Amino acid sequence: MLNRHLIGAFALAAALGVACDGAWAHDESKFPDWSGQWFRTYGGNPRYDQTKPIRKQEAPLKPEYQALYQSSLNDLDAGGFGLDTHYACMPTGMPRQMSGVSRFEFLFGPNVSHILFEDMTLSPRRVYTDGRDWPELGEPTFVGYSVGKWLDTDGDGRYDTLVVETRAIKGPHSYDNSGIPFHEDEKAVVTERIYGDKTNPNVLYAEITTVDNALTRPWTVKRSYRRLQTKPPLWSEYICTEDNRHVQIGDQNYVISADGHLMPTRKGQLPPDLRHFDQAVR
């Protein structure tokens, strides 16, 4: 008679085998070929609406948020950073991290699709495509919580379009480095419809709509990405905090000079409060 411990081990192995078979039941032929590295198709700073200059986005902001945006622009012109927090290596959050600020790639699984970024300040995106309902969302995150579904729009038996809705996006964050603001209530909802060009497999499009209480209406734009042709793809490591010379003290930003000294970032900027230092020591 087999030892009962061996019987238990065999049963466990059989159960794990079944579980693994189910977990790996993934038909790649049903998914589009979005392999490789993707990046934005335009030059200049990444922005929400790629068809317009960064300072002429024409965001449909409510008056109070338009005023905040104008203050952000004024601060930029004075040498500051306005409402942009990414200079201090804070995550850009959604939908800004999909503006092509970093090279990225797709990984498709049977229940979840991942979007991974080269920039270390951009959290990986998990798009749950298993048909789940929206759960009780906990603490917001910069990347948000994404639920999506795959579509076969031309009926050829292969998915060609990924539709995503993202909620629970943490603030503060902005649409781009000019500081176009979101409402502070963290109730923004971003929807995306991502699909490939019908004639060029190396081009992707994303129709993106943001609904936010700082806007007078939903704001919809269309973005495009190109597949980089480096073979095999080469990934570098971009860590924002490495040699970041910006220093935030209170509500002021300073910079560390090449010789290691604290410097102002704008004309007439006062030094930081040194009350906790012995100023008699030099």
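These legends walk you through several close-up views of a predicted model.

**View 1. The largest pocket, with a volume of about 450 Å³.**
Let's start with some empty space. Rolling a probe the size of a water molecule over the atoms shows where empty space is left. Here the largest pocket is lined by 29 residues, and the closest to its centre are Gly 82, Leu 83, Asp 84, Thr 85 and Pro 172. Which elements give two or more residues to this lining? They are α2 (63-77) and β11 (252-256). Of the elements, α2 gives the most, with 3 residues. By character, the lining of the largest pocket divides into 10 nonpolar, 11 polar and 8 charged residues.

**View 2. The second largest pocket, with a volume of about 380 Å³.**
Look for Pro 32, Trp 34, Asp 160, Gly 196 and Asp 197, which lie nearest the centre of this pocket. They belong to a lining of 19 residues. Strands β7 (189-196) and β8 (203-211) each supply at least two residues of that lining, and β7 gives the most, with 3 residues. The lining of the second largest pocket holds 7 nonpolar, 3 polar and 9 charged residues.

**View 3. Strands β5, β6 and β7, joined by bridges.**
Follow β5 (residues 145-151) and β6 (residues 161-167): they run antiparallel and are joined by 7 bridges. One place to find this pairing is Gly 148, which stands opposite Val 164 in β6. Strand β6 is also joined to β7, by 6 bridges, and these two run antiparallel as well. There, Val 163 has Arg 193 in β7 as its bridge partner. While you trace the strands, keep a general rule in mind: in a regular strand the side chains alternate between the two faces of the sheet.

**View 4. An open sheet of 3 strands in the order β10-β11-β12.**
The pairing in this sheet is antiparallel. Why is one side of β10 (246-249) and of β12 (262-263) left without a neighbour in the sheet? Both strands stand at the edges and each has a single partner strand, so one side of each has no neighbour there. Between β11 and β12 there are 2 bridges. Across this pair, Ile 256 stands opposite Leu 262 in β12.

**View 5. Backbone spots that deserve a second look.**
Most residues other than glycine have a negative phi, and most peptide bonds are trans. With that in mind, visit the loop between α2 and β2 (104-108), where Pro 95 lies. The peptide bond joining Met 94 and Pro 95 is cis, with omega about 5°. In the loop between α2 and β2 you can also find Cys 89. Cys 89 is not a glycine, yet its phi is positive, about 75°. Is Cys 89 buried or exposed? Its relative accessibility is 11%, so Cys 89 counts as buried.

Now move to the loop between β6 and β7, the place of Pro 172. A cis peptide bond runs from Gly 171 to Pro 172, with omega near 0°. Ala 168 is in the loop between β6 and β7 too. This residue, although not a glycine, has a positive phi of about 55°. Ala 168 counts as buried because its relative accessibility is 14%, below the cut-off of 20%.

**View 6. Aromatic rings that meet.**
A pair of aromatic rings is described by the distance of the centres and the angle of the planes. How many aromatic pairs does the structure hold? There are 20. One of them is formed by Phe 31 and Tyr 159, an edge-to-face pair with 5.3 Å centre to centre and 65° between the planes. This pair links distant parts of the chain, 128 residues apart: Phe 31 is in the loop between α1 (4-23) and β1 (38-40), and Tyr 159 is in the loop between β5 and β6. Phe 31 counts as buried at 8% relative accessibility, whereas Tyr 159 counts as partly exposed at 24%. Ring pairs also link Phe 31 and Tyr 159 into a cluster whose members include Trp 34, Phe 104, Trp 150 and Tyr 225.

**View 7. Tyr 195, Tyr 205 and charges over rings.**
The ring centres of Tyr 195 and Tyr 205 are 5.7 Å apart and the planes are at 45°, so this pair is tilted. Tyr 195 sits in strand β7 and Tyr 205 in strand β8, 10 residues apart. At 17% relative accessibility, Tyr 195 counts as buried. The ring of Tyr 205 also has the charged end of Lys 222 over it, 4.5 Å from the ring's centre. Elsewhere, the charged end of Arg 40 sits over the ring of Tyr 42, 5.7 Å from its centre.

Methods: Residues numbered from 1 in each chain as written. Predicted model: local features only at pLDDT ≥ 70, side-chain atom pairs only at ≥ 80, totals over all residues. Heavy atoms only, no water. 1 Å grid on protein atoms, 1.4 Å probe; cavity = no way out; pocket = protein on both sides within 12 Å on 5 of 7 lines; lining within 4 Å. Points joined across faces, edges and corners; volume = space filled by probe spheres on them. Helix = DSSP H or I, 4+ residues; strand = E, 2+ residues; numbered from the N terminus. Nonpolar A, V, L, I, M, F, W, Y, C, P; charged D, E, K, R; others polar. Pairing = 2+ DSSP bridges. Buried < 20%, exposed > 50% of the residue type's maximum accessible area, 1.4 Å probe, protein only. Phe/Tyr/Trp six-rings, centres within 6.5 Å; stacked < 30°, edge-to-face > 60°. Lys NZ or Arg CZ within 6 Å of the ring centre and 35° of its normal.
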